[in-house]
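Q: I am new to this one and would like to know how its labels are earned. Could you show it to me and take me through the reasoning?

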Amino acid sequence: MTDTNMAVQTGVSMRNVMFKRGERDILRQMDLYATMGGITVLFGPSGAGKTTCLRLIAGLETPDAGCIFINRKEVSSVDKCQHPAKRRIGYCFQDDALWPALTVVKHLSVTLKSYMVDASQRRMKIDDLLHRFGLVDLANRYPANLSGGERKRLALARALAVEPDVLLLDEPLSSIDGPARNELITYLRQCKASNRTVVAVTHQLDEVYALGDYLAILIEGNLVQQGLIRDVVLNPQTRQAALLLGYRNFFLVKIENGMIISEFGRWPVEDDYNGLALAAWFAEDFVAASDADGPAQVESCRPETRRYRIGLSYGNNLFELLSDAAFQPGEKISFRVEQRPVIIKGDR
Amino acid sequence: MSRTYAHYLSISRTGALVRALFCMILLLPIILLGVSAYPGWDAFLMSWQVFDRIALYRLSGSIILACWTIFFSWLLAFPVYAAYLGLSKRRRQWLLLLSLAPLSYPPFGAASAWMTVISYIEQSGAGRLLFEKRGMASQFLYSQAGCGWILALCFWPIVFLLLVLSAQPMRRHVEAAQIYLSRWSMVRYVLWPAWRESLLIASMVIGCLCMLQFETPSLMQLRSYPEEIFMRFSIPENEWKALLLCLPYVATAFVLAFALRRAGRCIDSRVTDLPFSTLPPLVVRISLCISFMVFLLSILIPLTALILYVGSSGILFQLIVDHNGRLWRSVFYALAGATLIVLPGILYTSKSSRVRSVAAPALFTALFACPGILIAAGWLRLRGYWPGMLPPGVGVASMLGAYATHRMLLGYGAGVLLWRTYGERQREFDALIPLSWITRLLRLYIPSLVRPVVVAIILTSLLIWGDVAITILLHPPGGDSLAIEYFNLLHYGSETRTAAIGFLMLFTPVVFIGIVFLLMGFGGYNQND
């Protein structure tokens with residue numbers, strides 16, 4: 001797909017964006033396309049440059065190279081930076097950034113007033129937002145008197161008050177757990193609209209699945225992969241991306257005449273490549289069995305909800321698998337692989 | 001009210017006792033003065049007549065002077081702050097450093113320099129045309145408003161510095177406001193609530209400093225309330241009346257301390273933190289031009305006037321040689337006094353800021369608002385009780401004690417600010433580590449706080465550098481300061497010598513502060529990049 005076509009379909013696009021802080025490269029040659037009508041999750045470890053990416057889209061930082069488009073209109077480049085207020089952006093900061101001197105209802109009314117919404121519409125809109133985000137009883141409270149979940153809801157309501165074209169969510173579920181988290185996920189999913197682009201940032205895999213439609217993986221300032229969540233998860237391009245996506249077992253395999261050949265089995269693959277490649281499996285793909293003469297040795301055994309996560313050494317490799325039974329460290333076991341691996345193409 | 005671990009830390013009985021004792025030591029000289037000056041019941045009843053028409057007239061004059069000064073200080077500080085917001089981080093630090101210069105110059109020195117400038121302008125040809133016929137310049141200068149203008153030229157950095165500090169923790173809020181709010185709404189709903197408290201505190205400090213001014217108004221032939229108090233103190237049997245005259249100060253201080261007990265929560269000592277693009281470029285450019293004018297008026301013009309009067313560098317060099325001892329003594333007084341203010345203030349506030357009572361700030365505010373002469377008289381009385389037993393050096397010690405008593409509010413404020421910057425949660429965590437209090441202080445607190453502490457000491461020392469009221473009463477024989485010499489010379493000395501000392505008064509702190517800041521890496525702590 002060409003850049004032009006991508007720009008037509010995408011709400012936000014970043015092209016060859018570079019950003020430095022001092023001598024340190026925060027983002028390198030970043031090409032991100034966030035699709036309109038869906039939630040794109042920027043996923044990566046801490047310090048990968050995810051928040052910087054949002055700040056660049058919002059116009060709170062200016063790129064050192066490249067340009068940023070919102071709805072096909074250039075908003076940021078090296079010599080041009082449209083003011084954040086003119087971009088029709090909603091931004092939920094990680095620490096909420098609520099204004100300490102304003103009550104819940106004032107947050108909404110002042111924001112709407114700044115966007116020149118007339119009084120009658122403003123009242124309707126505030127009522128709607130208060131009801132939608134469960135803030136009716138909290139309308140006259142100050143941020144200091146709100147819980148973490150309530151603060152997040154208010155931040156979200158404020159962000160949506162301006163009916164933004166682009167909604168940016170920085171770690172929206174961080175520091176929220178339990179029922180409030182599930183509630184907030186529901187609210188966040190409601191933020192989707194056909195003409196809105198939502199970009200969320202997270203470093204938690206479960207949040208990717210809970211929130212996202214599209215996934216972009218960012219590692220050390222490099223965008224290593226992006227696409228539909230399922231496509232990305234089932235085709236990780238690098239070992240680091242695979243690790244982030246939950247793959248735990250890596251093994252060198254041979255691909256020959258459309259078959260993956262390894263000591264754990266043979267699987268067909270749609271690939272013309274012949275030679276060695278790195279294969280990756282989830283922990284769930286391996287099944288363990290007690291076997292005193294088994295080839296693998298248990299290194300660790302940690303209980304999880306209903307199962308145990310077993311760490312084992314097999315030759316020079318370390319594997320991880322899930323088992324219904326507990327094993328003692330040092331115990332010998334055998335295991336089999338039940339699923340076809342994914343081939344990591346970037347690491348051939 | 002919920003109670004945190006910090007609360008339980010704060011209710012240590014020993015700590016409470018030590019703090020109570022500390023407050024008693026600060027109050028002791030004034031209590032002694034009151035007890036010794038008490039004239040008996042009948043005389044006490046009669047002594048209220050001290051609040052006669054003249055005293056009230058002078059009090060109102062001082063209040064008007066304070067109001068003018070506060071107004072002009074706001075007027076001068078806001079454009080500089082606007083310019084500050086438009087500058088890059090490095091330039092902001094230079095602006096901060098430069099803004100300390102007017103604070104370091106005693107107001108009576110500035111008044112003298114401006115009187116020279118105005119008389120020079122009026123005597124010159126163009127000036128005569130412009131001013132002499134109407135007498136505008138002189139008329140303005142020798143009025144309450146003119147005196148307020150001169151004082152504002154020295155005190156505006158207090159407003160500016162507090163504005164800078166108040167908006168430091170606001171970065172995220174301002175960024176959110178940049179996205180959601182118009183500029184006007186940002187100022188009204190986000191910045192103003194943060195500024196409001198700073199402006200209140202700054203106005204209170206400036207108001208107190210103005211109400212205590214007797215040197216500048218007397219130099220400009222204006223009657224002031226502190227002068228009335230000073231005159232009463234100079235007659236031994238009138239000490240009680242002088243004490244009574246201080247009551248309005250104490251009452252106002254208590255009211256202010258109560259009214260502002262919750263103020264200052266938004267102030268943080270992190271530096272240069274607000275986003276670059278808060279203001280439109282045109283506003284920044286205009287503000288930069290006005291700021292240049294402000295610096296021109298508050299530093300360059302007095303400095304140029306002084307240099308013109310000094311005439312040659314030879315005279316200045318000779319003066320430095322002549323006043324070498326006095327110069328170093330003044331530096332010592334300022335730094336030692338400031339250390340005696342800031343360090344106890346930090347130790348006093350070392351417990352949780354959540355459980356601070358209103359009593360301590362009220363007491364410190366009252367002491368800050370009291371005329372220095374009253375506190376100096378108290379310490380003089382305390383010293384007088386044991387004249388034979390005093391070891392050498394106690395004269396200096398009592399003077400430093402009087403500085404600390406008078407300005408402990410600054411130490412207290414610095415302490416609150418520094419501990420807030422260090423972080424409540426961090427301190428609670430530190431308390432969980434099994435370290436002794438002293439180890440914690442040496443290993444954890446001092447390394448983290450050394451730079452802001454040095455900055456607090458420097459800022460406080462600037463206010464002691466130009467002190468006359470306390471030093472004039474308590475300095476040991478042959479141990480006067482540069483400010484005293486300057487004050488005396490303004491009344492009785494030659495113009496060249498006076499100008500040379502004035503130059504030294506203005507120049508020394510600036511050089512000293514510059515060197516210290518450069519050595520410290522220029523405020524590079526706690527920056528949120």
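A: Happily! This is a predicted model, and a good place to start is strand β8 (residues 166–170) of chain A, which runs parallel to strand β9 (residues 197–202) of chain A, with five bridges joining them.

Q: What makes β8(A) and β9(A) a pair?
A: Pairing takes at least two bridges, and five bridges join β8(A) to β9(A). So the two strands count as paired. As an example, Asp170(A) stands opposite Val201(A) in β9(A).

Q: Why is the crossover from β8(A) to β9(A) called β-α-β?
A: The chain leaves β8(A), passes through helix α6 (residues 179–190) of chain A and arrives at β9(A). This crossover is right-handed.

Q: How do you know that strand β7 (residues 89–92) of chain A also pairs with β8(A)?
A: Four bridges link β7(A) and β8(A) in the parallel sense, and the requirement is at least two. Within this pairing, Gly90(A) has Leu167(A) as its bridge partner in β8(A).

Q: Why is β8(A) described as largely enclosed by the rest of the structure?
A: A residue is buried if 20 or more other C-beta atoms lie within 10 Å of its own. Five of the five residues of β8(A) are buried, so the strand is largely enclosed.

Q: Which way do the residues of β8(A) point?
A: Val166(A), Leu168(A) and Asp170(A) point one way, while Leu167(A) and Leu169(A) point the other way. In a regular strand, side chains alternate between the two faces of the sheet.

Terms used: Residues are numbered from 1 along each chain as its sequence is written. Chains are lettered from A and ligands numbered from 1 in the order in which they are written. This is a predicted model: local features need pLDDT of at least 70, side-chain atom pairs count only at pLDDT 80 or more; totals for chains, interfaces and linings use all residues. A residue is buried if 20 or more other C-beta atoms lie within 10 Å of its own, exposed if 12 or fewer, and partly exposed in between; C-beta atoms are placed from the backbone. A crossover is right-handed if, with the strands pointing away from the viewer, the path from the first strand over the helix to the second runs clockwise.
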